[in-house]
Amino acid sequence: MSRLFLLDLLALLLFAGMGLLSHGQPVNAGGLARNVLPVLFVWLLLAPFLGTYRRPTWKNLLLTWALAFPAGLWLRQMVLGEGFGVGFFVFLAVAMGFSLLFLLLLRGLAKLLRLW
């Protein structure tokens with residue numbers, strides 16, 4: 001398994017954990033799964049086609065994130081049976097920003113430590 005994939009997974013888990021904490025919810029396996037699995041599912045579907053780990057570049061990471069994250073959050077809404085009102089789009093914007101921050105921080109750390 002790719003070290004970069006594990007770093008990206010860690011970034012997504014940290015993002016989801018911080019989201020749970022910021023909403024006063026416990027960080028547990030159920031909450032993390034509910035919030036990470038839909039995004040991870042789409043991410044893993046797209047990554048082979050986008051070369052996310054075969055040709056790891058910043059561009060490939062950003063493309064994977066830009067496509068997988070909104071689609072994964074849309075899937076999460078569908079699975080949870082929640083609507084797509086203004087609240088969803090606010091959540092989407094905040095989630096996109098913070099998820100990118102976590103991904104870039106961990107990928108940057110990997111670059112500094114020459115893991116990538």
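A crossing of two helices is called left-handed if the near helix is turned anticlockwise from the far one by less than a right angle, and right-handed if clockwise. By this convention, the crossing of α3 and α4 is right-handed; helices here are DSSP runs (H or I, at least four residues) numbered from the N terminus. The model is predicted, with local features needing pLDDT of at least 70 and side-chain atom pairs counted only at pLDDT 80 or more, while totals for chains, interfaces and linings use all residues. Residues are numbered from 1 along each chain as its sequence is written, and side-chain values use heavy atoms, leaving out hydrogens and water.

Two packed helices are described by the angle between their axes and the distance between the axes. For α3 and α4, the angle is about 145° and the axes lie 10 Å apart, where axes are lines fitted to C-alpha atoms over the stretch in contact and angles run from 0 to 180 degrees between N-to-C directions. The contact (heavy atoms within 4.5 Å) brings α3 residues including W58, W65, F69 and W74 together with α4 residues including F88, F91, M96 and R107. By class, this contact has 17 nonpolar, 3 polar and 2 charged residues, with Ala, Val, Leu, Ile, Met, Phe, Trp, Tyr, Cys and Pro counted as nonpolar, Asp, Glu, Lys and Arg as charged, and the others, Gly among them, as polar.

Turning to the other helix pair, α1 and α2 pack at about 145° with axes 9 Å apart, and α1 passes α2 in a right-handed crossing. On the α1 side the contact includes F5, D8, L12 and A16, and these are met from α2 by a set that includes N35, V36, V39 and W43. The residues of this contact divide into 12 nonpolar, 3 polar and 2 charged.

Residue D8 also takes part in a salt bridge with R107 (2.8 Å, N to O), the term covering a side-chain nitrogen of Lys or Arg within 4 Å of a carboxyl oxygen of Asp or Glu. The structure holds 1 such bridge. It links distant parts of the chain, with R107 in α4 and D8 in α1, 99 residues apart.

Empty space was mapped on a 1 Å grid over the protein atoms alone: a cavity is a set of points where a 1.4 Å probe fits but cannot get out, a pocket is an open set with protein on both sides within 12 Å along at least five of seven lines, and lining residues have an atom within 4 Å of a point. Grid points are joined across faces, edges and corners, and a volume is the space filled by probe spheres set on the points. The structure holds 1 cavity of 30 Å³ or more, and the largest cavity has a volume of about 40 Å³. Its lining consists of L12, F15, A16, N35, V36, V39 and F69, of which 6 are nonpolar, 1 is polar and none is charged.

The largest pocket holds about 410 Å³ of space. Of its 17 lining residues, G19, L20, S22, H23 and F91 are the closest to its centre. Helices α1, α2, α3 and α4 each supply at least two residues of this lining, and α1 gives the most, with 6.
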